[in-house]
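Work through the exercises below with the coordinates open. Try each task before reading its solution.

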Amino acid sequence: MKVTKLTTYQVPPRWLFLKIETDDGVTGWGEPVVEGRAATVAAAVEELSDYVVGKDPRHIEDLWSTMYRSGFYRGGPILMSALAGIDQALWDIKGKSFGVPVSELLGGSVRDTIRVYSWIGGDRPADTAAAARDTVDRGFTAVKMNGTSELQYVDSWDKVQDCIDSVGAVRDAVGPNVGIGVDFHGRVHKPMAKVLLRELEQFKLMFIEEPVLSEETDGLLDAMRHTSTPIALGERLYSRWDFKKILASGAVDIIQPDPSHSGGITETRKIAAMAEAYGVGLALHCPLGPIALATCLQLDAGCHNAFIQEQSLGIHYNTTNDLLDYVRDPSVFAYDDGYVTIPTGPGLGIDVNEDYVLERAGVGHRWRNPVWRHADGSIAEW
Ligand SMILES: [Mg+2]
């Protein structure tokens, strides 16, 4: 079997899909995108296709190593996301060619289902609390919210109080046993992280995500000393070598690699195993589309330390199209009592609706994340 062609499709709301074709008719799908840079990643996929076209798609480890190591410059969000989507499509092809799900090729499942959490916003306390209650009424047992708006290095108490009120309203709305993840989104710098972590301790959170930027390991260690709340991060780390430093530092309890950014199935599986050796949990990042979610679930199936999965159904970014629009059988992602069943179909376990992908690729998108500024005019972290 030989790869004949790679084609990318930039589709709303903000995604990039990849189809890889082979000479024996099996096709595979991947989702190579980093949010806000879809066209750049598409260009990287096109360049990487030189290493893939004409090769046997089942030699995934060798193709991965070639794409990663043959470039003198490597790593980072663009190259690793391009590599990720290609890797996902190769695994999809391999699973389909053997007639088994990817999880079977990775050693088989250790679970049939995995708990999922749902996004509830976070900008206005009353709205967020109502969204949390509604989410729990629909069967979810865990939610995630933003903790703050833009925050200066040292900011005023009213910003802290807003965060306390917002998270407190959600805890009051859902009771003590629903998991609440609070995402600081890298918006908070070390001085305010210390304050917020102490104040949020009372709400017994499931985790606090990106309490400071992931590259600020010293700040993370300092943050860890000020809370018993589990610290989660990893959506902006891209390889074993990136995760090695943070795991060795002891500054993380839960890692959140995104298999559309962290080198695909091949690399994320290795990152997860490395985290397991440090006693660190796995909660794969996935605010993306159906191919990315299917990829996550195939990984969750076999990773012992996976305990919850992010998914994007109804997330605020999905204004023009949503998670289920591009698959022929949306029931593969049916949530039941807060859990989703791991798809058992061949490859990634989903059937991409190619006709609809083509139609929406004609519309495309030019999504960028918001640009925020502080009151003094300086740029703020979003
Ligand atoms: Mg996040």
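A salt bridge is a side-chain nitrogen of Lys or Arg within 4 Å of a carboxyl oxygen of Asp or Glu. The model is predicted: local features need pLDDT of at least 70, side-chain atom pairs count only at pLDDT 80 or more, and totals for chains, interfaces and linings use all residues. Residues are numbered from 1 along each chain as its sequence is written, and side-chain values use heavy atoms, with hydrogens and water left out.

**Exercise 1. Salt bridges**

Task: find how many salt bridges the rule gives, then characterise the pairs of Arg198, Asp134 and Arg236.

Solution.
- Step 1. Apply the rule; the count is 14 salt bridges.
- Step 2. Take Arg198. Its partner is Glu199, with the closest N and O atoms 3.0 Å apart. Glu199 is buried at 18% relative accessibility (buried means under 20% relative accessible area, exposed over 50%, partly exposed in between; 1.4 Å probe, protein chains only).
- Step 3. Take Asp134. It pairs with Arg138, and the closest N and O atoms lie 3.2 Å apart. Asp134 is partly exposed, at 40% relative accessible area.
- Step 4. Take Arg236. Its side chain meets that of Glu210 in a salt bridge of 2.9 Å, N to O. This pair links distant parts of the chain, 26 residues apart: Arg236 sits in the loop between β8 (231–233) and α9 (240–249), Glu210 in the loop between β7 (207–209) and α8 (217–225). Helices (H or I, at least four residues) and strands (E, at least two) are DSSP runs, numbered from the N terminus. Arg236 is partly exposed at 33%, while Glu210 is buried at 1%.
- Step 5. Look for shared partners. Lys19, Glu21 and Glu354 are joined into one network by such salt bridges.

**Exercise 2. The magnesium site**

Task: which residues coordinate the magnesium ion, and how are they spaced in sequence?

Solution.
- Step 1. Collect donors (N, O and S atoms within 2.8 Å of the metal, 3.2 Å for Na, K and Ca; water is not among the atoms, so sites may look incomplete). They come from Asp183 (OD), Glu209 (OE) and Glu235 (OE), at 2.0 to 2.3 Å.
- Step 2. Read the spacing: D-x25-E-x25-E.
- Step 3. Place two of them. Asp183 is in strand β6 (residues 179–183) and Glu209 in strand β7, 26 residues apart, so the pair links distant parts of the chain.
- Step 4. Check accessibility. Asp183 is buried at 3%, and Glu209 is buried at 0%.

**Exercise 3. The largest pocket**

Task: where does the largest pocket lie with respect to domain 1 and domain 2?

Solution.
- Step 1. Get the volume: about 790 Å³.
- Step 2. List the lining. It has 32 residues, and the closest to the pocket centre are Glu35, His185, Arg236, Asn369 and Trp382.
- Step 3. Find the elements that give two or more residues to this lining: α3 (76–98) and β5 (142–146).
- Step 4. Compare domains. Domain 1 (3–100) and domain 2 (104–347) both contribute lining residues, so the largest pocket lies between them.

**Exercise 4. A distant contact**

Task: is Ala84 buried or exposed, and how far apart are the C-alpha atoms of Ala84 and Pro259?

Solution.
- Step 1. Locate Ala84: helix α3.
- Step 2. Read its accessibility. At 0%, Ala84 is buried.
- Step 3. Compute the separation. The two C-alpha atoms are 6.5 Å apart, although Ala84 and Pro259 stand 175 residues apart along the chain.

Note on methods. On a 1 Å grid over the protein atoms alone, a cavity is a set of points where a 1.4 Å probe fits but cannot get out, and a pocket is an open set with protein on both sides within 12 Å along at least five of seven lines; lining residues have an atom within 4 Å of a point. Grid points are joined across faces, edges and corners, and a volume is the space filled by probe spheres set on the points. Domain bounds come from an automatic or database domain assignment.
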